[in-house]
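This report describes the fold one region at a time. The sequence and the structure come first, and the notes follow.

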Amino acid sequence: MGGDESRDQAIRLLNDIQDISFGKVALIILATWISISALRRLLPYLAAHGPADARLYILGAVPIARLTLTAIAIVWILPIIFNITFQNFLVIAGAASVAIGFAFKDYVSSLIAGIVAIFEKPYRPGDWVTIDGDYGEVKRVGLRALTLNTADDNVITVPHSVIWSANVSNGNDGARTLQCVAEFFIQTAHDASAVRSTLQDVALTSAYLDYHHPVTVVLQEAPWGTHYKIRAYPFDMRDQFLFISDLTLRGRMAIQSAGYETVRLPLIREGLPEE
C-alpha cells in the first residue's frame, strides 16, 4: 500500500492545488519583472554617465543579469507548481520537446541563439555591427532578438537566430573605439608621397582623433587613378560619422590646395571591371 502511494506521488506532475502558493508565485514573477526593468534602466544610465572606459562593460552586463534573474525565478517557481521527481522531469522534458519542435521551432531557435550570443559575444550592447547589410549600434540584447540603432536613427530588430546562417561583422568587438575610413580618388599624375603626408596631417589634426591608436594612409593604383584611404580611430566611436565627415572635408580641401585633381565618380565607374 505504501509502495503504491509512493509511486503515485512520484508520477503526479502537479502538486495539489491547495499546496500551490499562487501568491508566492505572483510575488516572484513581480519581483523579477521589477528587478529586470530597474536594471534595464539603471545600467544604461550608469554607462552613459559613468567613465567611458567602463561603458561597454556595464552595457554588456544587462543581458547577463536579465538571464540570471529569469533563471533564478524559473528554478524558484518550478518546485512550487510541479512535483519535481526524476520520472516527472523525463515526462515534462519529453512533452516540452515535442511541443517546441512543432509549435515554437523558430522562436526557440532564437532563444537558444540568444543564450549562445550572451556567452560567445559576437555582439553586445554598445557594439557597432553589420548584420544582413544593416549597420548600427547594438542598443539592446534580449533573449529572442537584438535591437540595432542605425546612423539614420532607424531601429531594427534582428532575431538571434541570424547567427546560425549569416555573418556578423563587429566594428569594435567590445573595444572603446573602432577604425574609420575616409576615401579619396586622385588622378594618376601626382606626387604620391606628398599626398600621403598631406592626408596624414589631416588625420592628425582632427579634433575627433584618438591619439592612442595609429593613423595609416594606404593607397592602391587603378586604371583611372589612385585610391587613397585614411584609417584612423575616433576618441569616441559615437562620433565616427562626424570624424569621417571631418576627414573627408578637410582632406579634399588639402588635396585641392596642393593642386591635385580628384577623379569624378562617373570616371571611376567607367574604369571599374564589369561584374
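## Strands E2, E3 and E4

Ala-145 of E3 has Pro-159 in E4 as its bridge partner. The model is predicted, and in it E3 and strand E4 (residues 155–159) pair in the antiparallel sense over five bridges. The hairpin of E3 and E4 has four residues between the strands, and Asp-153 there takes a positive phi near 65°. With strand E2 (residues 134–141), E3 also pairs in the antiparallel sense, over five bridges. Three residues make up the hairpin connection from E2 to E3, and Glu-137 stands opposite Asn-149 in E3.

Strand E3 (residues 145–150) is mostly covered, with six of its six residues buried. Ala-145, Thr-147 and Asn-149 point one way from the strand, while Leu-146, Leu-148 and Thr-150 point the other way; residues of both sets are buried.

## Helix H6

Helix H6 covers residues 192–204. Its 13 residues should span 18 Å at 1.5 Å a residue, and the end C-alpha atoms are 18 Å apart, so the expected and modelled lengths agree. Val-195, Leu-199, Val-202 and Ala-203 are the buried residues in H6. Seen down the helix axis, the buried residues of H6 fall within an arc of 95°, so they line one face. In general, an α-helix has 3.6 residues a turn, so residues three or four places apart point the same way.

The buried residues of H6 pack against strand E6 (180–186), strand E7 (216–222), strand E8 (225–232) and helix H7 (240–257). At the start of H6, a side-chain oxygen of Asp-191 comes within 3.1 Å of the backbone nitrogen of Ser-193.

## His-190

His-190 is located in the loop between E6 and H6. Its relative accessible area is 18%, and because the limit for a buried residue is under 20%, His-190 counts as buried. Leaving out residues up to four places away in sequence, His-190 touches Val-195, Thr-226, Tyr-228 and Tyr-260.

## Helix H7

For the 18 residues of H7, 1.5 Å a residue gives an expected span of 26 Å; the end C-alpha atoms are 25 Å apart, which agrees. The buried residues in H7 are Gln-240, Phe-243, Asp-246, Leu-247, Thr-248, Gly-251, Ala-254 and Ile-255. Their cover includes strand E1 (128–131), E2, E6, H6 and E8. Gly-259 follows H7 and has a positive phi, near 90°.

## Nonpolar cores

Which residues have the most contacts inside the largest nonpolar core? They are Phe-184, Leu-199, Tyr-228, Ile-230, Ala-232, Phe-243 and Leu-247, in a core of 21 residues. E6, H6, E8 and H7 are the elements that give two or more residues to this core. Apart from this core lies another, of 10 residues, among them Ala-117, Val-129, Ile-131 and Val-141.

Tyr-228 has contacts with several parts of the chain. Not counting residues up to four places away in sequence, the residues that Tyr-228 touches include Phe-184, Ile-186, His-190, Val-195, Leu-199, Val-217 and Leu-219.

## The chain as a whole

The protein chain has eight helices and eight strands. Of its 275 residues, 32% count as buried. Among contacts in the chain with a separation of 6 or more, 67% are between residues 24 or more positions apart.

Key:
Residues numbered from 1 in each chain as written. Predicted model: local features only at pLDDT ≥ 70, side-chain atom pairs only at ≥ 80, totals over all residues. Heavy atoms only, no water. Expected span 1.5 Å × (residues − 1). Buried < 20%, exposed > 50% of the residue type's maximum accessible area, 1.4 Å probe, protein only. Arc of directions from axis to C-beta. Contact = heavy atoms within 4.5 Å. Polar contact = N/O pair within 3.5 Å; in protein donor to acceptor, adjacent residues only side chain to side chain. Core = buried A, V, L, I, M, F, W, Y, C linked by side-chain atoms within 4.5 Å. Pairing = 2+ DSSP bridges.
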